[in-house]
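Colleague: I have this one open and would like a close look at the place where the two chains meet, plus whatever you can tell me about what lies behind it.

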Amino acid sequence: MAEMTGFLDEILATRGGERVLQCYQCGTCSGSCPVLAEMDYGPRRIMHMISMGQEEEVLSSPDIWYCVSCYSCANRCPRDIEVTDVMATLRSTAVKKGYTKDPEAKLGRAFANTIRQHGRSFEVELMIRFYASTLDVLGLLGMTPLALKMLSKGKLSFVPKNIKDTRTWRKVFGTAGRREEVA
Amino acid sequence: VLTYGYYPGCTQEHGSREFDISTRLVYERLGIELKEIDDWNCCGAVHVAVTDASLGITLPARNLALAEDQGLAEIVAPCTGCYKNLRSASKAIGADKALREKVNEALPELSLESDIIVKHPLYAITHDYGLDRIEVVRPLEGLKVACYYGCVLTRPRDEFDRAEKPEAMDRLMRTLGAEPVAFPAKTKCCGGAVILSHQHVAIGLTGKVLLAAKNAGADCVALACPMCQVALDLYQSKVDKSLGMKLDMPILYFTQLVGLALGLERDRLGFEQQVVSPAPLLDRLGF
């Protein structure tokens, strides 16, 4: 794991993360965030914590997983910081470093493995992979009425639509998502 | 004749087939040609990049490279999530030589040399085709519609519309004879990105959007995103429960409404696929 100061440099080196130090803590991002009420810190404090190199607090915070990627913050940021993209970077960094408690991290892996397999999304397989990884039986039961509605509307297919060029596709995909177990 | 490459996106094959069907029919009726990108792949949505940040660029880039290879310099993508990913990737690669090299290394037997222009079908109609050229056969008279843009149709901000108060869909609906209502939630997020992992969050955000549409006196919501459609339509019964009221708000793709106004038959436009039935509304309007 990187040291305290290493974390800031790591984020500064990412696409979209370059301008984190330009933040003057105005709070426009947190004021624009539709899920602020769910968060421990909110995007304004997350930006500050990055600049202070607080790797563990940032990467283990639930905030990064509640972000809905709506770009309200980035669109309004007077310092042109790509706050939404930084949140995405924090999620992938958290996964890479083993902070993967949140179900959204498991969904990301389930999604990646489904896409690796078919090249395109396949909802039924995605659901099976996701609920198998969360072991959330109540969640699965809660989804059943919706799944039945989708079925009755012809919106759920049990046959995947694969891309044709599967040979080079696996190379494009690399090793992402492969690890099935969760740290 | 206007021609675009067409990137349907995964949801258009199953969950939002009515968006795909109505988009193709409307474009055909307008005389705009769509050429589907052969062997397109998933754009990655918001989820794939969680496992590997670079895939957020390489997955969309493969589609851009395929488009280039197939001679399609401009493409349209109806799902706003795909639209955002493809558009952002094209712009990022266009602005960064090193990134282009990296992307091309990651794409076996393909390379992306040009900057593919990525448009949303809504803006291709309003900006390239032109509202004044639309021949309305059956005006949508008496229809009060809440035009819902959601998040990434207009964000990150671009040249097509205002991110905070977009208007293109409202203008289009007015052209069709409908009455767009004043809808303060038009750019608020439905929370669709976390609807599986944090359902209560999405239900809460979607509830605010639907309630705003109801309070604005809308007969229906028009939108341009399969993720928003799932949240507002499929999950509406759960929103009803959380709000303690029956909203009964039909959620339609804007292309379905354009189709009606262009004189396409109601039963060709996939209205039976919507969970909250728009049938009573369409009956009342005489379609």
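How much area is buried between chain B and chain A, and what percentage of it do carbon and sulfur atoms give?

Modeller: Before the numbers, a word on conventions: this is a predicted model, where local features need pLDDT of at least 70 and side-chain atom pairs count only at pLDDT 80 or more, while totals for chains, interfaces and linings use all residues. Residues are numbered from 1 along each chain as its sequence is written, chains are lettered from A and ligands numbered from 1 in the order in which they are written, and side-chain values use heavy atoms, with hydrogens and water left out.

Now your question. About 5100 Å² is buried between chain B and chain A, and carbon and sulfur atoms give 60% of that. Buried area here is the accessible area (1.4 Å probe) that two parts lose on being put together, summed over both. On the chain B side, His14(B), Val50(B) and Leu196(B) lose the most area to chain A, together 14% of what that side buries. If you'd rather count residues, 61 from chain B are in contact with 57 from chain A, contact being heavy atoms within 4.5 Å.

Then the polar side of things. The rule finds 5 salt bridges across the interface of chain B and chain A; that rule asks for a side-chain nitrogen of Lys or Arg within 4 Å of a carboxyl oxygen of Asp or Glu. Have a look at Lys164(A) and Asp38(B), which form a salt bridge with their closest N and O atoms 2.6 Å apart. There are also 25 residue pairs in polar contact between the chains, both residues being at pLDDT 80 or more. For that, a pair of N or O atoms must lie within 3.5 Å; within protein, one must be able to donate a hydrogen and the other to accept it, and residues adjacent in sequence count only if both atoms are side-chain atoms. Helices that each supply at least two residues to the side of chain B touching chain A include α1 (17–30), α2 (55–69), α7 (199–215) and α9 (236–243) of chain B. Helices (H or I, at least four residues) and strands (E, at least two) are DSSP runs, numbered from the N terminus.

Across the interface, chain A comes to 11 helices and 0 strands. Its C-alpha atoms fill a box of roughly 50 × 35 × 30 Å along the principal axes, and buried residues make up 49% of its 183 residues. Buried means under 20% relative accessible area, exposed over 50% and partly exposed in between (1.4 Å probe, protein chains only). Tyr99(A), in the loop between α7 (83–96) and α8 (103–118) of chain A, is buried at 12% relative accessible area.

Back in chain B, look at the sheets. One is an open sheet of 4 strands in the order β2-β1-β3-β4, with parallel pairing; two strands pair if DSSP finds at least two bridges between them. Its edge strands are β2 (33–36) and β4 (117–119) of chain B, each pairing on one side only. The twist averages 40 degrees from one strand to the next. Inside that order, β1 (residues 3–6) and β3 (residues 74–76) of chain B pair over 2 bridges, with Tyr6(B) standing opposite Val76(B) in β3(B). Helix α5 (residues 121–130) of chain B packs on this sheet, touching β1, β3 and β4, and its direction makes about 120 degrees with that of β3(B). Axes are lines fitted to C-alpha atoms, for helices over the stretch in contact, and angles run from 0 to 180 degrees between N-to-C directions.

The other open sheet also has 4 strands, ordered β6-β5-β7-β8 in chain B, and the pairing is parallel. Here β6 (179–180) and β8 (251–253) of chain B have a single partner strand each, so one side of each is left without a neighbour in the sheet. β5 (residues 144–147) and β7 (residues 220–223) of chain B pair over 3 bridges, and Val145(B) has Cys220(B) as its bridge partner. In β7(B), Cys220(B) and Ala222(B) point one way, Val221(B) and Leu223(B) the other, and all are buried. On to β8(B), which pairs with β7(B) over 3 bridges; there Leu223(B) is matched with Tyr253(B).

Last stop, helix α10 (residues 254–261) of chain B: 8 of its 8 residues are buried, so it is largely enclosed by the rest of the structure. Just after α10(B), Gly263(B) takes a positive phi of about 95 degrees.
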